[in-house]
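I sat down with this one to see how its pieces fit together. My notes follow in the order I looked things up.

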Amino acid sequence: MNLKREDLKILLVDDSDFSRQLIKTMLKEEGFVVSAEANSAESALGSIKESNPHVMITDIVMPQVSGIELTEKVTQNFDDISVIVISSLSQEHVVLEAIGAGARDFIAKPIQKQQIVDSLDKLIQEING
Amino acid sequence: MMETLLHDNFGIIEEIQILSDVRLVGNRDLNPLSFTDYIKVQFEIKGNVKGFVFCYLDLEDKELTVAEKNYLLPLFLETMNILLGQQVSKSYNTTGDLRLSPPKIVSSKSPFTTNGKRNPVQKYSLELRTISFEVAIEYNLERLN
């Protein structure tokens, strides 16, 4: 497989429209395309089968179902979807919870572009084998 | 009150940058604040310390179009979310496990003033390109033992 940045299917989950727009812009500048978006965990779960993403980028603090619970559900039910968790919270136990739930990476807000790009590039390398 | 959280973190967060060349929040000396035209956003904190944090964005003397206000609100929400998230994270060693709720916009007609207020208030300025907005963050928190 020779997956490129623009081929990576990204599902972006954040209840903040502003935050999603910001991350989309940041990724677009680097040649990535956000192929699907959701403003809640429920909405994300509903769209996964249709969008079939390689990676889900999710915030933690969201109404009703948190990003940690969403990560657990996704990693338990979809083996081929990687999860990157983003949050303004960065206590050690929060990071450990995210990793414990199956996230491959944790990125603290405000997001540094290089961090998220490095994480996605590493995923592409792994997919390409 | 969450004195440790407040005092340990005054000055830690000098600024937050979301957009590459825009300084969004800068820490300022705490002086009395008073305004009547503002956006108020509420966060709930749960854990070993519980209560509410209210963030006020002062719109007084600002001539903003509806489009500018619509741009400013989500920017303010996200900035406060990040600022409080960092405060909560950095206070973990002294306050233990804290959880931050999603932001909630609160409609209120009551004037805001720090004079005579019993809750601690931190003052910031939010700088968006050439415009600077006063921001007051009021901490109404209680430590549980």
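**Entry 1: a glycine after a helix.** I started with the backbone angles, bearing in mind that this is a predicted model. Just past H4 of chain A, A:Gly102 has a positive phi of about 115°.

**Entry 2: the helix before that glycine.** Next I looked at H4(A) itself, which spans residues 92-100. Which of its residues are buried? I found A:Val94, A:Glu97 and A:Ala98. Looking down the axis of H4(A), I see these buried residues within an arc of 95°, so they line one face of the helix. The other side of H4(A) has A:Glu92, A:His93, A:Leu96 and A:Gly100, which are exposed. I also checked what lies over the buried residues of H4(A): the cover includes H3, E4 and E5 of chain A.

**Entry 3: a buried glutamate.** A:Glu97 caught my eye, so I went back to the count. Why does A:Glu97 count as buried? A:Glu97 has 20 C-beta neighbours inside 10 Å, and the cut-off for buried is 20 or more. I also took one distance: from the C-alpha of A:Glu97 to that of A:Ser40 is 19 Å, with the two positions 57 residues apart along the chain.

**Entry 4: the helix that helps cover H4.** H3(A) runs over residues 67-77, and I listed A:Gly67, A:Ile68, A:Leu70, A:Thr71 and A:Val74 as buried there. Down the axis of H3(A), the buried residues fall within an arc of 155°, so they too line one face of their helix. On the other side of H3(A), I noted A:Gln76 and A:Asn77 as exposed. What do the buried residues of H3(A) pack against? I found strand E1 (10-13), helix H2 (41-51), E3, E4 and H4, each of them in chain A.

**Entry 5: the sheet.** I then traced the strands of chain A. They form an open sheet of 5 strands in the order E2-E1-E3-E4-E5, with parallel pairing. The edges are E2 (34-38) and E5 (105-108), each of which pairs on one side only. On average, neighbouring strands in the sheet are turned by 20° against each other, ignoring direction. H5(A), residues 113-128, packs on this sheet and touches E3 (55-59), E4 and E5 of chain A. The direction of H5(A) makes about 165° with that of E5(A).

**Entry 6: strand E4.** I gave this strand its own page. E4(A) covers residues 82-87 and is joined to E5(A) by 4 bridges, the two strands running parallel. One pairing I wrote down is A:Ser87, whose bridge partner in E5(A) is A:Ala108. Towards E3(A), I counted 5 bridges to E4(A), again running parallel. There, A:Thr58 stands opposite A:Val85 of E4(A).

How many residues of E4(A) are buried? The tally is 6 of its 6. As general background, side chains in a regular strand alternate between the two faces of the sheet. In E4(A), A:Ser82, A:Ile84 and A:Ile86 are buried on one side, while A:Val83, A:Val85 and A:Ser87 are buried on the other, so both faces are covered.

**Entry 7: the nonpolar core.** The largest core has 66 residues. Which residues have the most contacts inside it? They are A:Val13, A:Ile57 and B:Val135. Helix H2 of chain B (residues 66-90) gives the largest share of this core, 7 residues. I followed up A:Val13: leaving out residues up to four places away in sequence, A:Val13 touches A:Ala38, A:Ala41, A:Ala44, A:Met56, A:Ile57, A:Thr58, A:Asp59, A:Gly67 and A:Leu70.

**Entry 8: chain B.** I count 3 helices and 10 strands in chain B. Along the sequence, chain B reads α-β-β-β-β-β-α-α-β-β-β-β-β. Chain B has 145 residues, and 33% of them count as buried. Among its contacts with a separation of 6 or more, 70% join residues 24 or more positions apart.

**Entry 9: where the chains meet.** My last stop was the contact between A and B, which takes 17 residues from each chain. Helix H1(A), residues 17-29, gives the most to the chain A side, with 4 residues. By class, the chain A side has 7 nonpolar, 7 polar and 3 charged residues.

Key:
Residues are numbered from 1 along each chain as its sequence is written. Chains are lettered from A and ligands numbered from 1 in the order in which they are written. This is a predicted model: local features need pLDDT of at least 70, side-chain atom pairs count only at pLDDT 80 or more; totals for chains, interfaces and linings use all residues. Two strands pair if DSSP finds at least two bridges between them. Axes are lines fitted to C-alpha atoms, for helices over the stretch in contact, and angles run from 0 to 180 degrees between N-to-C directions. Two residues are in contact if their C-beta atoms, placed from the backbone, lie within 7 Å. A residue is buried if 20 or more other C-beta atoms lie within 10 Å of its own, exposed if 12 or fewer, and partly exposed in between; C-beta atoms are placed from the backbone. A nonpolar core is a set of buried Ala, Val, Leu, Ile, Met, Phe, Trp, Tyr and Cys residues joined through C-beta atoms within 7 Å. The arc is that of the directions from the helix axis to the C-beta atoms. Ala, Val, Leu, Ile, Met, Phe, Trp, Tyr, Cys and Pro count as nonpolar, Asp, Glu, Lys and Arg as charged, and the others, Gly among them, as polar.
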